[in-house]
Amino acid sequence: MSSTKNKNKDISPMNEIFDYVIVGSGAAGSVLSFYLTQAGASVCLVEAGKSFSYGEYPVDELTANSQLMWHGGADLNTQANLILLRGKTVGGGTVINQCLLDRFDTFAWNLFKQASNISWFTNEIMHPHYLAIEEQLSIQTISQAHWNNNAKLYAKSFDKLKLNYAPLQRGQSYCNNMDCIVCLGGCNRNSKQSMPATFLKLALRQKLKLISQYHVKNIIPGKNIISIYGNHITGPKVINARHCILSAGALGTTEILLRTGFANKLPALGKGFYCHPQFMYLAQCKDPVDAHIGNFQGIKSTDVRFRKQGFKLENVFARPIGIALLKSGYGLDHQQFMQKFRYLACIEVAIRDECPGFITLKNNRLAIHKILGDTDKQKVNSGKDVVFEMFNQLNVSHKEQPTYPIGLHLMGGCAIGNNSHSSVVNERFGVWSEPRLSIVDGSIFPIAPGINPSLTIMALAHRASQYLLRQHTQLQKTTNDIQISTATSTEYA
Ligand SMILES: Cc1cc2nc3c(=O)[nH]c(=O)nc-3n(C[C@H](O)[C@H](O)[C@H](O)COP(=O)(O)OP(=O)(O)OC[C@H]3O[C@@H](n4cnc5c(N)ncnc54)[C@H](O)[C@@H]3O)c2cc1C
């Protein structure tokens, strides 16, 4: 995609009535755009963030945080002791994420089934949806030859403790052990399998209309059309469609529905917010580790005991601003710590949080109420004990606990389920009692799975596209007013 082409795509007539308007161009919105346009539907994808082509992503951390993320790089919970990161750019979280792509295991699907009472949450039924997504992406395993020093130290300590680990699986095409930490601010090589590099690129070839820098405020469902109200960079605009799909992520989608005034109508709205809090533990080594060089993540724990206890360990690192935030204090002490940047090894504990948060509007602003429950704290402590034991194997001079946990996997707020009291969308992704409105993104997760969510969000979007196309085929039969070919719409289980 050239930037000129992108800019042209952004010029869209607002007087057209689209078959679908999709709000949010992240993992879910881009995949939906691809399958709906492939079937011949007219689709308008709107996104609050800016559009970048590869080669244009900011290379310095500060600019990347401010240009590609909401609120300059961090949302905070109401107690200001949990940092939440989310993408605000065309491609959403997939542009700034690490692109580790994992399918759910049986344990996760069982958790989903129990929490939602939806029977198709199984490996077998989701398999074709995963397959459809995986076929469009280049997914590679980080080989041992490409482990960086931080990964090697992780493996060494795990070997000493006789614990199991496995290489990570990542969406990438030709990283080849290069300086990939920069791609947390957008991949300028076009190797990371973000949406602009994959599904979105294909959808644009299929006549998708993309409007970036359009911040949706609220929606008004009508009898025959649904209207989307928001502020474009050029001023306030309304877009009309026969159907609207909210894919603005857990916080974005929930906020739009709260602003629309659905809180009374949908009692589950805003409830059940999860984020897989991650705790990055640092250790100062005697020799330089250079954890920022090469594949900055390579290995994860696979010990079944950890999965049962609700945490996992990954070797990970961050750029200087991210690392600086992990260290408490200021002044000389902090400066001396940062001077040792090259000597730091890092292991992260990520927990499957069980204490649900909730999201409200307070003084017209989003308020994220999220704390760690006792069970969650127990999981963190169990993980920390293993990490410190690992550091002990490495003979490190100093261990550092993170000041704040970070939530990167934002989930829930509009849970899927089988009744309108405990959920916001039904098993066909439709908002209860709103026939022209659907939700497809991380906000529909009924519980935290404890597994990287983006591949599953994309697989769910593939499934949702089939429901949506079938729904519109039925509409076409009766009204004959929508021209959608269903040639690619396969039957769902
Ligand atoms: C640093 C980081 C690392 C991560 N690493 C991984 C990983 O390795 N593996 C993994 O599986 N997951 C990872 N994730 C999480 C993953 O990126 C998300 O779970 C995923 O992108 C969520 O998809 P989504 O479609 O729900 O929303 P998003 O991808 O967040 O997309 C939502 C989009 O909607 C837009 N939007 C929001 N509100 C509005 C509005 N009002 N109007 C218009 N547009 C709006 C946003 O700007 C955004 O572009 C990571 C996340 C971060 C931040």
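1. A cavity, in the sense used here, is a set of grid points where a 1.4 Å probe fits but cannot get out. Rolling a probe the size of a water molecule over the atoms shows where empty space is left. The structure discussed in this note is a predicted model, and a search of the whole of it finds 2 cavities of 30 Å³ or more.

2. The largest cavity has a volume of about 90 Å³, and 12 residues form its lining. Nearest to the centre of this cavity lie Tyr54, Tyr57, Asn190, Pro196 and Ala197. When the lining residues of the largest cavity are sorted by character, 7 are nonpolar, 3 are polar and 2 are charged.

3. Turning to the surface, Leu62, Ile321 and Leu325 together make a nonpolar patch of about 270 Å². One of these residues, leucine 325, belongs to helix α11, which covers residues 320-326. Leucine 325 has a relative accessible area of 47%, and it therefore counts as partly exposed, since that class lies between the limits of 20% for buried and 50% for exposed.

4. Is leucine 410 buried or exposed? Leucine 410 is buried, because its relative accessible area is 14%, and buried means under 20%. This leucine 410 sits in the loop between β20 (406-407) and β21 (437-439).

5. A last point concerns distance along the chain and distance in space. Leucine 410 and proline 277 are 133 residues apart in sequence, while their C-alpha atoms are 9.6 Å apart in space.

Terms used. Residues numbered from 1 in each chain as written. Predicted model: local features only at pLDDT ≥ 70, side-chain atom pairs only at ≥ 80, totals over all residues. Heavy atoms only, no water. 1 Å grid on protein atoms, 1.4 Å probe; cavity = no way out; pocket = protein on both sides within 12 Å on 5 of 7 lines; lining within 4 Å. Points joined across faces, edges and corners; volume = space filled by probe spheres on them. Nonpolar A, V, L, I, M, F, W, Y, C, P; charged D, E, K, R; others polar. Patch = residues over 30% accessible without salt bridge, like charges linked within 9 Å, V, L, I, M, F, W, Y side chains within 5 Å. Areas by Shrake-Rupley, 256 points an atom, 1.4 Å probe, with all protein chains shown as cover. Salt bridge = Lys/Arg side-chain N within 4 Å of Asp/Glu carboxyl O. Helix = DSSP H or I, 4+ residues; strand = E, 2+ residues; numbered from the N terminus. Buried < 20%, exposed > 50% of the residue type's maximum accessible area, 1.4 Å probe, protein only.
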